[in-house]
Amino acid sequence: MSQLFDDHVVVQRILDHIDHHTTDVNDATWREPVEHYISQQRFDAEVGLVLRRYPTPFCPSAALPEAGSFVARDAALTPILAVRGTDGKVRAFRNACRHRGTMLAEGSGCEKAFVCRYHGWTYGLDGALRHVPDEYGFPGLDKRARGLAPVDAVERNGIVFVTQDAAGGAVADFDDIPELFSPRHRLLGCNQTEVVTNWKIIAEGFLEGYHIRSTHRDTFFPIQFDNLNVVETFGRNSRIAFPYRRINKLREVAAEQRSADGMLTYVYHLFPNVMVATFPYSMLMVVLEPLAVDRTRIVTYAFTDRTSQQAVDEHAPMQRSQDFLLAGTVEDRDVGCAVQRGLASGANQFFEFGRFEGLIGHFHRCLDAFLDAGAGQRSA
Ligand code: FES
Ligand SMILES: [Fe+2]
């Protein structure tokens with residue numbers, strides 16, 4: 001069960017902050033060594049000891065709607081293929097043929113089987129090697145032992161989690177994860193872009209509201225408060241509420257009847273590298289996929305809770321909302337790239353995150369703990 005506050009509690013805290021010109025704060029600031037953003041060794045440890053070792057959100061369940069639906073992409077520098085079987089179960093595999101290693105699938109789609117384009121070895125949706133052309137050329141081939149190499153996949157609360165290195169012994173604690181997707185949510189699409197930035201710099205931009213006035217002066221700031229947030233942690237994850245100015249209208253609504261819908265954006269950080277953000281017409285699931293110490297692929301799945309007909313009827317305001325969101329997103333990416341370029345200056349030994357940037361401290365604290373635990377297991 002999630003430990004998160006009900007909406008009306010969050011709304012009351014926001015109204016109190018508005019009245020008192022305050023925001024949620026931590027007891028202390030957090031200092032993160034700059035070395036942690038530029039060290040290849042640190043990056044390798046984050047990939048090997050955290051991103052591969054712990055259950056990591058891979059894609060939304062909605063991206064795998066029927067038997068044969070698949071999503072293929074690199075996760076923690078490893079080509080992974082997730083596919084829904086005819087039994088409805090989602091399985092994940094290392095995305096490579098067991099003959100000479102050709103990647104089997106790219107992007108997303110729906111298949112009855114995966115046929116290698118090189119020599120035609122064919123795999124079922126359950127990963128079993130079904131057919132080898134001219135099999136007589138491989139005397140003694142044990143097809144049962146040459147199925148696709150599996151990795152752990154678990155589907156919970158509308159998200160497919162993948163654990164590449166289950167031998168690492170990491171314990172999955174899915175109970176903390178709230179139900180983020182309702183049955184009304186429809187997947188609208190997915191896009192990918194690459195940025196020249198360390199993945200944690202992009203993550204940090206989602207976790208504080210201190211930059212709203214300065215970075216988003218003409219986009220978010222006119223409709224949102226600057227540095228006024230309610231923050232919560234649940235396990236290694238977190239949630240931050242970014243209120244819109246119109247939330248003041250809720251003062252006229254009885255406290256327990258106040259809904260946060262259309263009054264704020266929630267950003268859920270699913271440790272380590274996934275954000276789920278709510279907006280008036282849409283919801284985004286953003287995967288920050290580290291490609292190199294200074295390069296990140298941002299994979300964004302967009303959802304709406306509007307029916308197809310509502311989407312037609314409300315096309316104009318939905319489009320305005322999406323354009324607006326895109327403009328704000330570009331500002332965040334630009335500033336993330338500027339931080340990355342600033343790293344080379346050598347000006348800073350550490351970054352200091354203020355008391356109202358507490359979720360960033362939580363993120364780094366958890367990352368440090370997982371790295372320490374992973375290193376301990378490796379040396380044991
Ligand atoms: S590499 Fe796939 S069939 Fe040869
Ligand atoms: Fe931002």
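**Figure 1. Coordination of the iron ion (ligand 2) by His 211, His 216 and Asp 332.** In this predicted model, the donor atoms are NE2 of His 211, NE2 of His 216 and two OD atoms of Asp 332, at 2.0 to 2.5 Å from the iron ion (ligand 2). Along the chain, the donors of this ion are spaced as H-x4-H-x115-D. The angles among the four donor atoms run from 56 to 154°, and the site is irregular. It counts as irregular because four donors are called tetrahedral only if all angles lie between 85 and 135 degrees, and square planar only if opposite donors are over 155 degrees apart. Both His 211 and His 216 are buried.

**Figure 2. The largest nonpolar core, with 47 residues.** Ile 14, Ile 247 and Met 285 have the most contacts inside this core. The element that gives the most to the core is helix H1 (residues 7-20), with five residues. In soluble globular proteins, nonpolar side chains tend to be buried together.

**Figure 3. Surroundings of Ile 14.** Beyond its neighbours within four places in sequence, Ile 14 is in contact with Leu 228, Val 230, Ala 241, Pro 243, Ile 247 and Leu 264. Another core, of 43 residues, lies apart from the largest one. Among its residues are Leu 51, Ile 212, Phe 271 and Ala 277.

**Figure 4. An open sheet of three strands.** The strands are in the order S7-S8-S9, and their pairing is antiparallel. Strand S7 (114-115) and strand S9 (129-131) are the edge strands, each paired on one side only. Strand S8 (residues 122-123) pairs with S9 over two bridges. Tyr 123 stands opposite Leu 129 in S9.

Terms used:
Residues are numbered from 1 along each chain as its sequence is written. Chains are lettered from A and ligands numbered from 1 in the order in which they are written. This is a predicted model: local features need pLDDT of at least 70, side-chain atom pairs count only at pLDDT 80 or more; totals for chains, interfaces and linings use all residues. Side-chain values use heavy atoms; hydrogens and water are left out. Two strands pair if DSSP finds at least two bridges between them. Helices (H or I, at least four residues) and strands (E, at least two) are DSSP runs, numbered from the N terminus. Donors are N, O and S atoms within 2.8 Å of the metal (3.2 Å for Na, K and Ca); water is not among the atoms, so sites may look incomplete. Four donors count as tetrahedral if all angles lie between 85 and 135 degrees; four count as square planar and six as octahedral if opposite donors are over 155 degrees apart and all others between 65 and 115; anything else is irregular. Buried means under 20% relative accessible area, exposed over 50%, partly exposed in between (1.4 Å probe, protein chains only). A nonpolar core is a set of buried Ala, Val, Leu, Ile, Met, Phe, Trp, Tyr and Cys residues joined through side-chain atoms within 4.5 Å. Contact means heavy atoms within 4.5 Å.
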